[in-house]
Amino acid sequence: MSQSRHVPVMLQRCLDLLAPALQDRLGAVVVDCTLGLGGHSEALLARFPEARLVALDRDKEALRLSGERLAPYGERATLVHAVYDELPDVLDRLGIPHVQGVLFDLGVSSMQLDEADRGFAYAQDAPLDMRMDQTTGISAAEVLNTYPPGELVRILRAYGEEKQAKRIVGAVVRERVKEPFSNSARLVELIRDSLPQAAKRTGGNPAKRTFQALRIEVNGELAVLERAIPAAVKALDVDGRIAVLSYHSLEDRLVKQVFAAGAATTAPPGLPVVPERYQPRLKLLTRGAELPTEEEVAENRRAAPARLRGAQRVRKDVE
């Protein structure tokens, strides 16, 4: 897998959002919560020569490849095998009380999509695995073969926003009795066969939503994110900044809610003066979610669904 193929999404915009917190700040710490192949991390180290990077990934292969890529930066880069909701523990172990910048790029790493045997991509036949950390947890095949029908319908609706969830699950349940699912091509074919004609004509590959739903379930992505974003905000120093790239509406909604809550006053209505402890903790740096430019999408099709939100920490938590 050549690293040159990995083009970091909205890279310049992410760097610009974080710059005021990291530029010329000796000893500033920036956390890349989703290291992947290290594209964003490498750019952070190059752009902010005074900063130290802590980077997390649950995928050991990604850590190995990024380690090679970031080796020239020596001790400025600390790579950690961890899921991003473990951020507080990681910082604690490293003796870092607060950080100045945090970046999340929530897309599936290009490496995971491009490596056929991982089973993330519906465009090629592969074992239905989809685990980002292949040393732990259950695979997508196990989810398909063992979950009760009602649970599968819930997952496809909630995580894939799949309107045809009942039809697809009905077909899965009928087929898995004959032979358990193991490979992606059979699932893609089954989804195509079970959808009405009209549903096949819109929105790209009809398997896309089901694959997204399985991936989120297998990796517990939304539950992890629900813990991770508030933890990252809490880790930020005053004037520290956070940038989050999401790739589907479920992720973006979650980020939006955490940022909006942080940027709101928690004071009871009608107070003539709002005490410090009720003041907003965050200032929003983006108006809604920012989208990639047309040029960027033309160069990197994986950027198309990206949504970027940024926020700045404006005051400490008052216990």
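This chat covers one pocket and one cavity in a predicted model.

Q: What kind of model is this, and what pLDDT do local features need?
A: The model is predicted: local features need pLDDT of at least 70, side-chain atom pairs count only at pLDDT 80 or more, and totals for chains, interfaces and linings use all residues. Residues are numbered from 1 along each chain as its sequence is written, and side-chain values use heavy atoms, with hydrogens and water left out.

Q: How many cavities of 30 Å³ or more are there?
A: One. A cavity is a set of points on a 1 Å grid over the protein atoms alone where a 1.4 Å probe fits but cannot get out.

Q: How much space lies in the largest cavity?
A: About 40 Å³, counted as the space filled by probe spheres set on the points.

Q: Which residues line the largest cavity?
A: L144, L152, L156, I168, V169, V172 and T210 (lining means an atom within 4 Å of a point). By class, six are nonpolar, one is polar and none is charged.

Q: Which helix gives the most?
A: α8, with three residues. Helices here are DSSP runs of H or I, at least four residues, numbered from the N terminus.

Q: New topic. What volume has the second largest pocket?
A: About 190 Å³. A pocket is an open set with protein on both sides within 12 Å along at least five of seven lines.

Q: What lines the second largest pocket?
A: P88, L91, D92, I96, P97, H98, A231, K234 and A235. α4 (87-94) and α12 (221-235) each supply at least two of the lining residues.

Q: How many charged residues are in that lining?
A: Two, alongside six nonpolar and one polar.

Technical notes. Nonpolar A, V, L, I, M, F, W, Y, C, P; charged D, E, K, R; others polar.
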